[in-house]
Amino acid sequence: MSPDKLIYMANQIGKFFSAQRHDQAVAGIADHLAKFWDPSMRKKILAHLEHGGEGLDPLVKEAVQKLGMMNFSRTDVVAGSAASVANS
Amino acid sequence: MSLINEVDYGTPASRSEKLVTLTIDGVEVRAPEGTSIMRAAMEMGTEIPKLCANDMLEPFGSCRLCLVEIEGRNGTPASCTTPVAPGMVVKTQTERLKALRKGVMELYISDHPLDCLTCAANGDCELQTQAGAVGLRQVRYGYEGANHFDEVKDESNPYFTYDPTKCIVCNRCVRACEEVQGTFALTIDGRGFKSRVAPGQDEPFFESECVSCGACVQACPTATLSEKSLISIGQPEHSAVTTCAYCGVGCTFKAEMRGEELVRMVPFKDGKANHGHSCVKGRFAWGYATHKERILSPMIRAKVSDPWREVSWEEAINHAASEFKRIQATYGKRSVGGITSSRCTNEETYLVQKLIRGAFGNNNVDTCARVCHSPTGYGLKTAFGTSAGTQDFDSVEDSDVILVIGANPTDGHPVFGSRMKKRLRQGAKLIVIDPRRIDLVRTPHVKADYHLALQPGTNVAILTAIAHVIVTEGLVNEAFVRERCDAEEFQDWAAFVSEPRHSPEEVAKVAGVPAELIRAAARLYATGGNAAIYYGLGVTEHSQGSTTVLAIANLALATGNLGRPGVGVNPLRGQNNVQGACDMGSFPHEFAGYRHVSDDTARAIYEGVWGVALDNEPGLRIPNMLDSAVEGTFKGIYIQGEDILQSDPDTHHVAAGLAAMECVVVQDLFLNETANYAHVFLPGSTFLEKDGTFTNAERRIQRVRKVMSPKNGFGDWEITVALSNALGFPMNYAHPSEIMDEIARTTPSFAGVSYARLDEAGSVQWPCNEAHPDGTPIMHIGGFASGKGKFVLTEYVATDERTGPRFPLLLTTGRILSHYNVGAQTRRTENVAWHPEDLLEIHPHDAEQRGVRDGEWVKLHSRAGETTLRALVTDRVAPGVVYTTFHHPTTQANVVTTDFSDWATNCPEFKVTAVQISRSNGPSDWQEQYREQAEQSRRIVHSIEAAE
């Protein structure tokens with residue numbers, strides 16, 4: 001998926017949470033991305049942030065930073081490996 | 001197996017809890033107050049002769065056959081219209097009654113053709129039966145007098161005939177149309193001997209306002225109104241109770257059979273969702289099951305430009321499996337996925353997601369709820385802790401105020417729409433929030449108290465303004481909020497909605513609804529008694545779909561309209577098993593029962609039962625899959641029973657995604673539009689050809705029963721099993737009941753569900769488990785699954801799809817009564833007589849500005865694409881808004897819809913597309929090209945030709 005589309009989607013999520021208190025909103029956006037975005041999409045938005053995160057709304061930037069710091073038991077998958085899937 | 005004959009008690013059951021004791025034919029009986037003598041007698045097994053009475057209808061007292069004698073009362077009152085009374089002593093059979101009944105029957109028969117042997121109703125004629133019951137042996141008047149034998153049969157309706165020569169003017173059809181359906185299309189024209197049933201203004205049935213629901217046919221005691229299929233085939237000899245495969249109401253029907261041939265579908269009175277009523281689709285539109293275009297042999301092809309080649313099931317399954325394996329080996333485990341179908345059974349849906357999670361080893365599974373009710377799942381789970389509607393359909397009988405937003409029940413959910421209209425005729429108040437003047441706004445004997453004809457895309461603004469009125473005018477149910485909701489969240493929400501920018505006066509500027517109308521609607525909802533909200537895709541298919549669901553939930557919480565009959569939040573699900581498909585783990589982030597894939601406990605359950613390690617990461621949604629395909633990372637898909645090319649937004653993008661894949665497997669009844677891009681076609685089976693269950697909009701799990709062998713050879717569940725086995729992930733089920741047993745074993749909310757339980761109870765509503773052994777008709781009584789009800793702030797964010805000089809009109813799309821979703825089924829029935837093509841509704845003002853006249857071709861043009869269709873000039877839509885349906889692939893309305901979608905779920909914004917309209921000469925170049933491409937794509941080299 002193109003970064004532009006992901007940025008648009010992330011900002012859309014951000015607009016919903018923006019009515020909430022700041023910390024609640026940041027946590028809400030990060031949680032939403034963690035729960036509903038496929039690891040490849042998360043990986044791309046994290047990579048985009050590493051390159052400055054142009055286009056991301058400030059609240060969303062904070063949330064993506066938080067997402068990057070989340071202690072996933074599934075970080076191997078976020079990093080692009082499917083090692084957690086031991087399907088035959 | 002035998003024919004199921006339901007008992008007709010003559011009059012409806014009384015809802016009174018007070019019992020009355022009386023004596024009937026020497027036997028002391030007790031009956032609820034308000035029960036008719038006729039019903040009380042039938043309850044004890046005594047059938048009083050009758051013709052005009054039927055327990056679906058209020059008593060009428062016209063046939064004079066059900067007379068009884070009552071001690072201490074003069075005359076011979078009609079037992080249908082006389083209620084039981086304490087101490088009453090009734091005789092149902094005396095010499096006087098016998099003579100009276102015979103006399104009445106003689107008069108009926110003297111004007112009735114005696115062609116019983118060749119009559120379609122032979123063997124199922126109440127006139128015939130009652131003539132026998134009263135002991136009729138002669139007709140003293142003869143048959144030579146004045147009669148109606150020369151009257152002409154009306155065969156205009158595609159599904160039933162009206163033969164006035166056989167009419168006994170019992171009024172049952174007229175009353176059924178009024179009381180059950182609520183259309184008021186029929187009347188008795190003329191007086192005395194000239195009295196005849198007349199549709200509309202004495203027109204042919206087809207030209208009248210009759211909606212062909214079949215209630216009149218069902219009510220008719222003779223062959224006056226008869227199904228054409230019955231006339232053609234003859235009386236059925238056995239039947240099975242099953243569930244309709246159209247819409248989320250989930251009507252129960254008796255499939256009446258002769259051998260393996262379906263004679264007719266008759267609505268089942270004991271059906272808990274429909275109580276014996278039906279609509280034109282479920283009742284009559286099943287001919288697609290034997291349509292000549294149905295594909296019965298598996299087919300494969302190397303390239304989508306090749307013709308199809310018929311192959312054996314083994315070759316097709318092995319080819320599909322080897323392709324998926326090759327793709328995964330080449331591009332990685334996550335390069336494939338699948339789509340489950342809301343038209344398939346729970347068991348089939350469960351198996352498809354199991355195959356994807358277990359055999360593909362990823363969570364790239366999604367379902368068509370993505371494009372309809374995914375925001376419902378998100379919103380209601382957030383607010384109440386459960387991804388489902390709160391009530392059963394019966395709840396509407398206790399509603400005092402009904403708020404309908406973004407739904408058109410009389411077209412989309414017609415059987416429930418009729419029940420809603422009945423409650424409204426009884427006096428419930430109605431608020432409609434919809435850009436269009438849907439039928440409910442003004443229909444016979446129903447008129448909305450308030451119609452908020454808002455600008456498309458402003459739902460959140462309007463609902464927040466209603467909340468503003470409720471909070472600022474002190475209409476909050478504080479006791480409920482204090483007991484059932486989080487206090488801090490409520491305070492935050494109350495402060496938010498109280499801000500002046502959310503006042504009706506401010507919102508009126510963006511939504512186009514007068515402030516006083518918003519205030520009046522809010523006051524009525526909050527103070528009018530039991531208030532229920534019903535909503536549909538006009539809520540969910542927006543960029544703020546999930547926010548709107550949350551705003552609806554906020555209103556119910558603030559006013560305490562939850563947890564009892566008559567209230568609640570009620571999503572009207574589009575397809576028959578949308579609820580079930582969602583329940584069964586069709587979303588990429590959830591297992592069955594809405595447990596996130598990262599939930600270690602839930603994952604361990606499936607890993608234990610399925611014997612594989614499962615991915616703990618959410619997979620791709622349908623639009624993500626298509627985007628990834630265009631990007632080159634998603635290469636193969638297994639699609640069961642869905643037609644995403646026609647149903648999903650931005651057709652060009654969907655086509656590009658499908659075209660970029662190396663293996664598209666479509667399992668369906670017909671070569672649908674998506675199959676134009678398929679490499680493997682696996683022929684599917686109809687709901688008549690397999691066992692299973694569907695779950696309707698009220699969480700009711702109901703049986704689907706096999707009444708004929710699958711014409712393609714296999715039920716869809718068997719095909720998924722074969723594919724999974726070929727992929728090296730064995731599945732072993734001898735019958736769908738075993739799949740349900742596995743669902744029950746692994747899903748807490750389904751723990752008490754089994755085929756044995758369903759056979760015994762008829763249906764159950766989940767949750768059905770140890771805590772709720774009989775299921776849960778109404779949810780959230782006394783508490784929420786998540787503890788406290790959650791108020792959520794609902795900031796209105798205008799859609800990015802904006803009108804402007806190039807695209808000044810707003811297009812909104814929807815459905816029509818006679819068609820279902822992409823029309824794959826209904827277009828292959830006589831229903832096309834009512835709606836042969838999609839039309840563009842346009843306001844007279846907008847039409848005049850563009851020189852467009854009614855019936856003319858117009859070009860519908862958006863940023864995404866263009867198509868042409870004919871105009872229907874009507875003030876049903878507001879100026880600035882146009883509307884069309886998406887039932888016909890020749891129109892492909894989704895060519896013009898965009899890929900804007902709901903922020904939370906990616907549910908497409910079907911309801912708001914900026915467009916322009918201009919005159920046109922006929923189909924566009926794209927439509928012509930598409931037609932040619934589809935024709936090319938559907939070429940088949942049959943196996944015999946291939947062998948030669």
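This report walks through a predicted model of two protein chains, A and B.

## Meet chain A

Let's start with chain A, which has 88 residues, 49% of them buried. Its five helices come with zero strands, so reading from the N terminus gives the pattern α-α-α-α-α. Among the contacts in chain A with a separation of 6 or more, 65% are between residues 24 or more positions apart.

## Where the two chains meet

Chain A gives 32 residues to the contact and chain B gives 43 residues. Together the two chains bury about 3,100 Å², with 51% of that area on carbon and sulfur atoms.

Charged and polar groups take part here too. Six salt bridges cross the interface, and 10 residue pairs are in polar contact across it. On the chain A side, helices H1 (3–17), H2 (22–36), H3 (39–50) and H5 (75–78) each give two or more residues to the surface that touches chain B. H1(A) provides the largest share, eight residues. For a salt bridge you can look up in the structure, try Lys5(A) and Asp899(B), whose closest N and O atoms are 3.1 Å apart.

## Nonpolar cores

In soluble globular proteins, nonpolar side chains tend to be buried together. The largest nonpolar core in this model has 114 residues, and those with the most contacts inside it are Trp37(A), Ile433(B), Ile462(B) and Trp493(B). Take Ile462(B) as an example: leaving aside residues up to four places away in sequence, its neighbors are Ile433(B), Leu452(B), Leu454(B), Val507(B), Ala511(B), Val513(B) and Ile518(B). There is also a second, separate core of 68 residues, including Tyr159(B) and Leu572(B).

## A helix with many buried residues

Helix H25 of chain B covers residues 716–726, and its buried residues include Trp717(B), Ile719(B), Val721(B) and Leu723(B). What lies over them? The cover includes helices H8 (313–331), H9 (346–360) and H26 (736–746) of chain B, along with strands E25 (636–640), E26 (663–668) and E27 (680–683) of chain B. After H25(B) comes Gly728(B), with a positive phi near 90°.

## Salt bridges

Over all chains, the count of salt bridges comes to 71. One of them pairs Arg423(B) with Asp400(B), with the closest N and O atoms 3.7 Å apart. Arg423(B) sits in helix H12 (414–425) and Asp400(B) in the loop between helix H10 (374–384) and strand E16 (401–405), so the pair links distant parts of the chain, 23 residues apart. Arg423(B) is buried at 16% relative accessible area, whereas Asp400(B) is partly exposed at 29%.

Another salt bridge joins Glu837(B) and Arg870(B), at 3.5 Å from N to O. Because Glu837(B) lies in the loop between strands E31 and E32 and Arg870(B) in strand E34, this pair ties together parts that are 33 residues apart in sequence. By contrast, Glu928(B) and Arg931(B), which form a salt bridge at 3.1 Å, both lie in helix H29 (925–937), three residues apart, about one turn of the helix.

## Cysteines without disulfides

How many disulfides are there over all chains? A search of the whole structure finds zero. Why does Cys372(B) have no such bond? Its closest cysteine sulfur, in Cys368(B), is 5.5 Å away, which is too far for a bond. Cys663(B) is in no disulfide either, as the nearest cysteine sulfur, that of Cys344(B), is 18 Å away. Both residues are buried: Cys372(B) has a relative accessible area of 7% and Cys663(B) has 1%.

Notes. Residues are numbered from 1 along each chain as its sequence is written. Chains are lettered from A and ligands numbered from 1 in the order in which they are written. This is a predicted model: local features need pLDDT of at least 70, side-chain atom pairs count only at pLDDT 80 or more; totals for chains, interfaces and linings use all residues. Side-chain values use heavy atoms; hydrogens and water are left out. A disulfide is a pair of cysteine sulfur atoms within 2.5 Å. Buried means under 20% relative accessible area, exposed over 50%, partly exposed in between (1.4 Å probe, protein chains only). A nonpolar core is a set of buried Ala, Val, Leu, Ile, Met, Phe, Trp, Tyr and Cys residues joined through side-chain atoms within 4.5 Å. Contact means heavy atoms within 4.5 Å. Buried area is the accessible area (1.4 Å probe) that two parts lose on being put together, summed over both. A salt bridge is a side-chain nitrogen of Lys or Arg within 4 Å of a carboxyl oxygen of Asp or Glu. A polar contact is a pair of N or O atoms within 3.5 Å; within protein, one must be able to donate a hydrogen and the other to accept it, and residues adjacent in sequence count only if both atoms are side-chain atoms. Helices (H or I, at least four residues) and strands (E, at least two) are DSSP runs, numbered from the N terminus.
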